[in-house]
Amino acid sequence: MKTLIAYSSKTGNTRKVGEAVLKAFPQGEIVDISDVTAVNDYDLVVVGTWIDKGTADTKALRFIDTIEGKRVAYFFTLGAYPDSKHAEDCITAIDKLFTDKGNEIVGRFHCQGAIDPKLIAWMSELPEKHPHSPNPERLKRWEDASKHPNEEDFDNACNTFTEILAGL
Ligand SMILES: Cc1cc2nc3c(=O)[nH]c(=O)nc-3n(C[C@H](O)[C@H](O)[C@H](O)COP(=O)(O)O)c2cc1C
C-alpha cells in the first residue's frame, strides 16, 4: 500500500514519531507537511501533527483541509497526558476535520511530547490565577512531558500502525 506520512513538527517530537511510524509501512514515504505535492498518488495518507490550542497545528489544519474522500490515519503529540480528557477532545476535534471532508479514518495514535522550553519559560512567568500558570500539578505534567516521545512511544507508534496496516 503506497503510503504518505506527512508530518508537521515545530520542535521535532512529531517528526520523530513519524519516523517510527514509517517503519510500519514497507511502501511508506515520509515528507514534511510543507513539502507535500501529490496526495492523490497515495493509497493511504497518514498525517502527523502537534497539538496547538486543542487541535491540529495551523500547518496541519491547512493540509488536512486539502484531503478529500481518502483513506487516512493520523498521529499527534501533545503536552497533556495521553489518557486525559484534553487528549480525548483533541481526537474528537481532529476526527471531525477528516470526516467533514468525507475521508475514512483507519487509525490513530498519540503520545506526550516535550513542551517547547520557550513556552515553559513564558508560562512560568504567568500570574497565579492564570489557567496555564505553574502549580504543582502542571509542573509535574511539564516535567513528565519533557521525557517524551521516548523509545516506548516509538515502539507503540510503530506497532499501532503495523496493526492498522494488517487490518486493511
Ligand atoms: C504554542 C503551543 C501551543 C500548544 N498547545 C497545546 C495544547 O493546546 N495542548 C497540549 O496538550 N499541548 C500543547 N502544546 C504542546 C505541544 O503540542 C507538544 O509539546 C508537542 O509534542 C510539540 O510537538 P513538536 O515537537 O512536533 O513541535 C503546545 C505547544 C506550543 C508551542
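This dialogue considers how the ligand is held in a predicted model.

Reader: Which residues come nearest to the ligand?

Author: A residue counts as near when one of its heavy atoms lies within 4 Å of the molecule. Here 20 residues surround the ligand, and those that come nearest are Ser-9, Lys-10, Thr-11, Thr-14 and Thr-77.

Reader: How many residues of the shell are nonpolar, polar or charged?

Author: The shell around the ligand contains ten polar residues, seven nonpolar residues and three charged residues.

Reader: Which polar backbone atoms lie beside atoms of the ligand?

Author: A pair of N or O atoms within 3.5 Å is taken as a polar contact. In this model, a backbone N or O atom of Ile-51 lies 2.7 Å from an oxygen atom of the ligand. A polar backbone atom of Gly-79 is 3.0 Å from a nitrogen atom of the ligand, and a polar backbone atom of Ala-80 is 3.0 Å from an oxygen atom of the ligand. The ligand on its own has 650 Å² of accessible area, of which the protein covers 85%.

Reader: Which helix and strands supply at least two residues of the shell?

Author: They are helix 1 (13–22), strand 3 (44–52) and strand 5 (71–78). Strand 3 gives the largest share, three residues.

Reader: Where does the ligand lie with respect to the pockets and the domains?

Author: The ligand takes up the space of the largest pocket. Domain 1 (3–113 + 149–166) and domain 2 (114–147) both give residues to the shell around the ligand, and therefore the ligand lies between these domains.

Note on methods: Residues are numbered from 1 along each chain as its sequence is written. This is a predicted model: local features need pLDDT of at least 70, side-chain atom pairs count only at pLDDT 80 or more; totals for chains, interfaces and linings use all residues. Side-chain values use heavy atoms; hydrogens and water are left out. A polar contact is a pair of N or O atoms within 3.5 Å; within protein, one must be able to donate a hydrogen and the other to accept it, and residues adjacent in sequence count only if both atoms are side-chain atoms. Accessible areas come from the Shrake-Rupley method with a 1.4 Å probe; for residues, only the protein chains shown count as cover. On a 1 Å grid over the protein atoms alone, a cavity is a set of points where a 1.4 Å probe fits but cannot get out, and a pocket is an open set with protein on both sides within 12 Å along at least five of seven lines; lining residues have an atom within 4 Å of a point. A molecule sits in a cavity or pocket if more than half of its atoms lie within 2 Å of its grid points. Helices (H or I, at least four residues) and strands (E, at least two) are DSSP runs, numbered from the N terminus. Ala, Val, Leu, Ile, Met, Phe, Trp, Tyr, Cys and Pro count as nonpolar, Asp, Glu, Lys and Arg as charged, and the others, Gly among them, as polar. Domain bounds come from an automatic or database domain assignment.
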